[in-house]
Amino acid sequence: MTKILSGYIHRAQQKSEFTSLTLVYPAGSIYEPEGKHGVSHLMEHLICKLVDKYEERFLNDCIEFNAETCFNYVEFFFRGLESKLPREFKQQLVSDLLSGFDSITKEEFETEKNIVIQEITDCYDDPVDGNILNNFYKYYNLVEPGGFVEDIKNFTYEDAKKMYNDVFMHPLRIVEVGKEWTEFKGIEYCTELPKQVSPKFKATKKEIMPVAKGDKAQVYAYGKKVLKRSDFQYLLIASHMLTFGRSSPMTNELREKRGLTYDISCDFQPIQDHAIFWFFAMTSKDKSKELADTLEYMCKNVRKYLTKERFDTVINFIKTKREIQKCNLWKHPIKYTENENPRIITTLDKIKFEKLVGIVEKYLYNVHVVVC
């Protein structure tokens, strides 16, 4: 049995008039077999229709409703004032989301399929988005949650009904943040995660879709070592140290000194107990090789760019940001909904500078630099 946080979770928030309700499902692209890439995202679109009848109420009472499909979860969330989103309404919303698929017509199903297909193709019309999605697939065998156009086309109404019954009748978690707790009766929660794909670096030439050609060159540096949960926070802090703000070492070197790029960024994609990280910068095509070579050099010699002074500055920044987030906890239920996400820094005082440098060196020495 996989150890996961399943069932109802309530986080009391005594000083706020805000509340949030989130349903989390064990779905997403890492759980999708061959031939079904993107169906979790399509199901997210379809299930939203089960609460469409409240759209005017959401607008009138300023209740935020949205949904999201990621690599390792699908969630539906509602956020607003407790007076406008009371327990009775929360119970009704959950009941409607679990009421069954029959209220969605075949015509609505086909319409939504076409919308999702358009959404996928639009991503590849953007050179940056398209290359990032292709690179996930080429270097880690991960399919972006949007999926494959052909798989969406081949997904039938009967397939959708079956997936709804198998997956979306059994939430992994229902998370409520607010003063009061709500009783949700008769719900069967998922207690074991399905088999999943684990990310592992392996360069191939496979692409999901062709990408539109832009007039700029994009340079990426992907880690050949996939991050372990225990190391994630060190790389997250280091990314701030290296790239956050014009005074950061990488930004200063690549932008201010060499004039190679407007901005250098580092991003992460958490996937269960692992994460993928990469650096990204854009430049003119005639400067792409110099940018790629410089970025690779900086990664392989990262120790000279990580200073104790910068470490202390970033630690203070993160501590202050955490205090600010506490004031708006209702907006950040991800801390409780996506329990597998190691992005949340919880052991800040235990992170030491020298250990951080050693861990960062281990990962950044092995990068794969790509020019698109």
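A charge sits over a ring if NZ of Lys or CZ of Arg is within 6 Å of the ring centre and within 35 degrees of the ring normal. The exercises below concern a predicted model.

**Exercise 1. Charges over rings**

Identify the ring that R79 lies over, and the ring beneath the charged end of K300.

*Solution.*
Step 1. R79 lies over the face of F77, and the distance to the ring centre is 3.9 Å.
Step 2. For K300, the ring is that of Y365, with the charged end 4.4 Å from its centre.

**Exercise 2. Strand order and edges**

Determine the order of the strands in the open sheet, and explain why β1 and β3 each have one side without a neighbour.

*Solution.*
Step 1. The open sheet has five strands with mixed pairing, and their order is β1-β5-β2-β4-β3.
Step 2. β1 (7-12) and β3 (64-69) stand at the edges with a single partner strand each, so one side of each has no neighbour in the sheet.
Step 3. From one strand to the next, the twist averages 15°.
Step 4. β3 pairs with β4 (residues 74-81) in the antiparallel sense, over six bridges. F65 stands opposite F78 in β4.
Step 5. Helix α3 (residues 87-97) lies across β2 (18-25), β4 and β5 (173-178), and runs at about 20° to β2.

**Exercise 3. Two aromatic pairs**

Describe the geometry of the pairs Y25 and F76, and F71 and F136, and state which parts of the chain each pair ties together.

*Solution.*
Step 1. The whole structure holds 29 aromatic pairs.
Step 2. Y25 and F76 are 5.9 Å apart, centre to centre, with 85° between the planes. Planes over 60 degrees apart count as edge-to-face, and this pair is accordingly classed as edge-to-face.
Step 3. Y25 belongs to strand β2 and F76 to strand β4, so the pair ties together parts that are 51 residues apart in sequence.
Step 4. Buried means under 20% relative accessible area. Y25 has 1% relative accessibility and therefore counts as buried; F76, at 0%, is buried too.
Step 5. F71 and F136 form an edge-to-face pair, at 5.5 Å centre to centre and 85° between the planes.
Step 6. F71 lies in the loop between β3 and β4, and F136 in helix α5 (residues 127-140), so this pair ties together parts that are 65 residues apart in sequence.
Step 7. F71 is buried at 3% relative accessibility, and F136 is buried at 4%.
Step 8. Ring pairs link F71 and F136 into a cluster whose members also include Y139, Y140, W278 and F280.

**Exercise 4. The nonpolar cores**

Establish which residues touch the most other members of the largest nonpolar core, and which element gives the largest share of this core.

*Solution.*
Step 1. In soluble globular proteins, nonpolar side chains tend to be buried together.
Step 2. The largest nonpolar core has 49 residues, of which M43, F76 and F168 touch the most other members.
Step 3. Elements giving two or more residues to this core include β2, β4, α3 and α7 (157-168). The largest share, six residues, comes from α1.
Step 4. Beyond four places away in sequence, the residues that F76 touches include L21, Y25, I47, F65, L97 and F168.
Step 5. Another core, of 43 residues, lies apart from the largest one; among its members are A221, V314, I315 and F353.

**Exercise 5. A loop residue**

Locate N301 and decide whether N301 is buried, partly exposed or exposed.

*Solution.*
Step 1. N301 is in the loop between α10 (288-300) and α11 (308-326).
Step 2. Its relative accessibility is 30%, so N301 counts as partly exposed.
Step 3. N301 and A281, 20 residues apart in sequence, are separated by 18 Å in space, C-alpha to C-alpha.

Conventions: Residues numbered from 1 in each chain as written. Predicted model: local features only at pLDDT ≥ 70, side-chain atom pairs only at ≥ 80, totals over all residues. Heavy atoms only, no water. Pairing = 2+ DSSP bridges. Helix = DSSP H or I, 4+ residues; strand = E, 2+ residues; numbered from the N terminus. Axes fitted to C-alpha atoms, helices over the stretch in contact; angles between N-to-C directions. Contact = heavy atoms within 4.5 Å. Phe/Tyr/Trp six-rings, centres within 6.5 Å; stacked < 30°, edge-to-face > 60°. Buried < 20%, exposed > 50% of the residue type's maximum accessible area, 1.4 Å probe, protein only. Core = buried A, V, L, I, M, F, W, Y, C linked by side-chain atoms within 4.5 Å.
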